[in-house]
Amino acid sequence: MMQREFTGKHMTMILVAGFGIVIAVNFYMASVAIGGFGGVVVENSYVASQKFNGWLAEARETEKLGYSADLTRDADGRLVVETRGVPDTAMLSAELRRPLGKPEDRSALFEQVAEGRYVSTEPLPSGRWIARLTVETGGRRWVDEAEVR
């Protein structure tokens with residue numbers, strides 16, 4: 001059996017092929033990372049850090065109200081909110097955003113259908129959403145976030 005000589009051409013082909021694979025994988029991973037990023041969390045992290053204690057105080061005040069809410073989706077795609085401790089005169093709204101993929105934001109308004117039960121006026125497209133639910137009554141605001149599937 002005759003053996004072939006390993007030359008510089010062979011080594012060059014191995015190096016080019018190896019680096020070509022690494023570069024191709026890097027470009028693919030970069031494109032996936034850029035396509036899945038929905039944007040910035042805060043515009044200015046320094047300003048957000050200065051407001052953080054105020055946000056904590058506001059959250060403590062809303063906890064004192066004693067409200068709670070559960071979000072689900074009905075068969076028609078409408079959001080259903082079951083509340084406890086919320087007065088009947090309360091107004092509910094929600095800001096919705098996609099947690100992953102292409103950024104998409106929506107607003108939802110609710111109408112009361114029974115005591116403590118509210119249904120959105122518009123159906124929500126399928127998929128995962130993060131809902132920031134706001135309950136306003138008597139000049140007071142209660143805010144909560146929940147995931148909707």
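Author: In this predicted model, a residue counts as buried under 20% relative accessible area, as exposed over 50%, and as partly exposed in between.

Reader: Why is Leu 15 called partly exposed?

Author: Leu 15, which lies in helix H1 (residues 8–36), has a relative accessibility of 41%; because partly exposed covers what falls between 20% and 50%, Leu 15 is placed in that class.

Reader: What makes the nonpolar surface patch of about 760 Å²?

Author: The patch is made by Phe 6, Met 11, Ile 14, Leu 15, Phe 19, Ile 23 and Phe 27; patch residues need over 30% relative accessible area, and Leu 15, at 41%, meets that part of the requirement.

Reader: Why is Thr 137 assigned to its accessibility class, buried or exposed?

Author: Thr 137, located in strand S6 (residues 129–137), has a relative accessible area of 12%, and since buried means under 20%, Thr 137 is buried.

Reader: What makes the link between the side chains of Thr 137 and Thr 89 a polar contact?

Author: The two side chains are joined at 3.5 Å, and the cut-off for such a pair of N or O atoms is within 3.5 Å, so the link between Thr 137 and Thr 89 is counted as a polar contact.

Reader: How do you know whether the span of helix H2 (residues 45–64) agrees or disagrees with its 20 residues?

Author: At 1.5 Å a residue, H2 should span 28 Å, and its end C-alpha atoms are 28 Å apart, so the two values agree; H2 also has a kink of about 40°, centred on Lys 51.

Methods:
Residues are numbered from 1 along each chain as its sequence is written. This is a predicted model: local features need pLDDT of at least 70, side-chain atom pairs count only at pLDDT 80 or more; totals for chains, interfaces and linings use all residues. Side-chain values use heavy atoms; hydrogens and water are left out. Patches are made of residues with over 30% relative accessible area and no salt bridge: like charges are joined within 9 Å, nonpolar side chains (Val, Leu, Ile, Met, Phe, Trp, Tyr) within 5 Å. Accessible areas come from the Shrake-Rupley method with a 1.4 Å probe; for residues, only the protein chains shown count as cover. A salt bridge is a side-chain nitrogen of Lys or Arg within 4 Å of a carboxyl oxygen of Asp or Glu. Helices (H or I, at least four residues) and strands (E, at least two) are DSSP runs, numbered from the N terminus. Buried means under 20% relative accessible area, exposed over 50%, partly exposed in between (1.4 Å probe, protein chains only). The expected span of a helix is 1.5 Å times one less than its number of residues. The bend at a residue is the angle between axes fitted to the seven residues ending there and the seven starting there. A polar contact is a pair of N or O atoms within 3.5 Å; within protein, one must be able to donate a hydrogen and the other to accept it, and residues adjacent in sequence count only if both atoms are side-chain atoms.
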